[in-house]
Amino acid sequence: MNVVNTVDPRDGRRRATDLTETDESRLEAIAGQASRAAQWLSGLGRLGRADLLDAIAASLESRRVDLVAAAEAETGLSHARLDGELTRAAVQFRMFGDVLRDGGYVEAAIDHAADTPLGRGPDLRRMLVPLGPVAVFGASNFPFAFSVAGGDTAAALAAGCPTVLKAHPSHPLTSHASAEAIESAIRDLGGPDGVIATVYGEEAGRSLVRHPAIRAAALTGSVGAARGIQAAIDERPDPIPLYAELSSVNPIVVLPGAAADRGDQIAEGLFASFTGSGGQLCTKPGLAFIPSDPGADHLVDTLRERVAAAGGAVLLNERIRDAYEDRAAAFERAGAQVSARPQVEPGAGFTVAPMLLEVGLSGLTAEITEECFGPLMVVVRYHDVAELDAVLATVAPSLTGSIHRGPGDDADVVRRLVDVFAARSGRIVFDGYPTGVRVSWAQHHGGPWPSTNAVHTSVGATSIRRFLRPLAWQDAPNWILPEELRDEYKAIPRRVDGKLESGVA
């Protein structure tokens, strides 16, 4: 068996772990356990699973010190960032507990038998039910919130789906420790092996999505990774959905009134947004459209000063470091000029210099609009707001689009920009920055391809929908129905004979 290695990106030091890549026999055993665990999860019911999610959150928090230390050594991310991310992971599990207790997510509907214009209609009852075991691929840039202890795991377990996690090679020890925290909570509630499990190695990931027990897969990663997983799925005799969050450049438009009114504030916000966490966020703004006028010149000068004074950024792994440097060089060859770049001493690890590039609107090529994962942003200077509509329509769709308004900016201009972003993004941000994705009921974290490959969100309450399917019961006896579909059950919102009824606690 191949040993799993871990690397500290701060100094490039590689060391072996006690973990090994998952072979076919072990994968087969894991898949079998997951299939059997589905009945236990289902038997818990909504309220039992809600208690389980609360227990998982508490277990993660009880191991905070060790989990954050492990992640810091494997990712180079700051202690404060990782501590906050662990809190976010716990919040996600608790939020899905609230989703389960509310019960509206099952979309329960009842149509009693009745005469209709088409004749006698049968009794029909419908709700969403679990898909079955699912595969979740951990993300490199979020060792907690989008990995083993992440939102996909929380949503899948909430839905009633056993979850097999493919650990990201950038943080295998963190993944293992996170899984142990979750497994501990499951054992304390009498749960069996297989409710969650973790596999290691690229081949194990491909084999996982080919296994007939797996009914869906979720990924936060690159387009290339998604295509590789999809190719493995395509080898199956029966297709399964892949829900993937992928590439996003997240354009920001600063209107002239905003630049003149609060240029220093916007410069500070842009700097923090594109350099935070080493620029390794899916919502990092990669393009900032800023006017070519005296008020905006001060904004750009301030932004240059902040970048020039910045220190180096530690990237997660060697592949990301190399891709960052290659993409930055490609932008320069395509005509973008280096506007600011600090002097950073090369070290043994994966440290890079943040970069601010600049190009005129007429020089913005398709290549310069591609995502660069890391602390790089391209400032695009424009003369006429009217030019932006057509140019933004050539930028690949993203998770977000942002607009900064100020005194004197025309409301009609804002409306046109909103129309463009509404067609090409999943979230429109006003007078703010796309980084910092709130975990809430109203959140949507998705967008048109290539930002995601589906209409579903990977953050927020409705992300549970990815791991559910509709099932209808026709003329079923009352005793066989799920309690949510029985006439006497009133605890959740339901649509009964076409009318929405609110739940009664």
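Reader: What makes the approach of Arg 236 to the backbone oxygen of Ile 214 a polar contact?

Author: Happy to walk you through it. In this predicted model, the side chain of Arg 236 comes to 3.2 Å from the backbone oxygen of Ile 214. A polar contact asks for N or O atoms within 3.5 Å, so the 3.2 Å between Arg 236 and Ile 214 qualifies.

Reader: Why is Arg 236 called buried?

Author: Its relative accessible area is 7%. Buried means under 20%, so Arg 236 belongs in that class. Arg 236 sits in the loop between α7 and β11, and among the residues it touches are Val 209, His 211 and Pro 212.

Reader: How do you know that Arg 381 and Asp 297 form a salt bridge?

Author: Their closest N and O atoms are 2.6 Å apart. A salt bridge needs a side-chain nitrogen of Lys or Arg within 4 Å of a carboxyl oxygen of Asp or Glu, so this pair counts. Arg 381 lies in strand β18 and Asp 297 in helix α9, so the pair ties together parts that are 84 residues apart in sequence.

Reader: Are the two partners, Arg 381 and Asp 297, buried or partly exposed: which word fits which residue?

Author: One word each! Arg 381 has 9% relative accessibility, so it counts as buried. Asp 297 has a relative accessible area of 34%; partly exposed lies between 20% and 50%, so that is the word for Asp 297.

Reader: What makes Arg 126 and Glu 107 a salt bridge?

Author: The same kind of check works here. The closest N and O atoms of Arg 126 and Glu 107 are 3.8 Å apart, and the cut-off is 4 Å, so the pair is accepted. Arg 126 is in strand β6 and Glu 107 in the loop between α3 and β3, so they tie together parts 19 residues apart in sequence.

Reader: Why is Arg 126 called partly exposed?

Author: Its relative accessibility is 30%, which falls between the 20% and 50% limits, so the label fits Arg 126.

Reader: How do you know that β3 and β22 pair?

Author: Two strands pair if there are at least two bridges between them. β3 and β22 have two bridges, in the parallel sense, so they pass. Ala 109 stands opposite Arg 495 in β22. Both strands belong to an open sheet of five, in the order β21-β6-β3-β22-β23.

Reader: What makes β21 and β23 edge strands?

Author: Each of them pairs on one side only.

Note on methods:
Residues are numbered from 1 along each chain as its sequence is written. This is a predicted model: local features need pLDDT of at least 70, side-chain atom pairs count only at pLDDT 80 or more; totals for chains, interfaces and linings use all residues. Side-chain values use heavy atoms; hydrogens and water are left out. Helices (H or I, at least four residues) and strands (E, at least two) are DSSP runs, numbered from the N terminus. Buried means under 20% relative accessible area, exposed over 50%, partly exposed in between (1.4 Å probe, protein chains only). A polar contact is a pair of N or O atoms within 3.5 Å; within protein, one must be able to donate a hydrogen and the other to accept it, and residues adjacent in sequence count only if both atoms are side-chain atoms. Contact means heavy atoms within 4.5 Å. Lists of a residue's contacts leave out its neighbours within four places in sequence.
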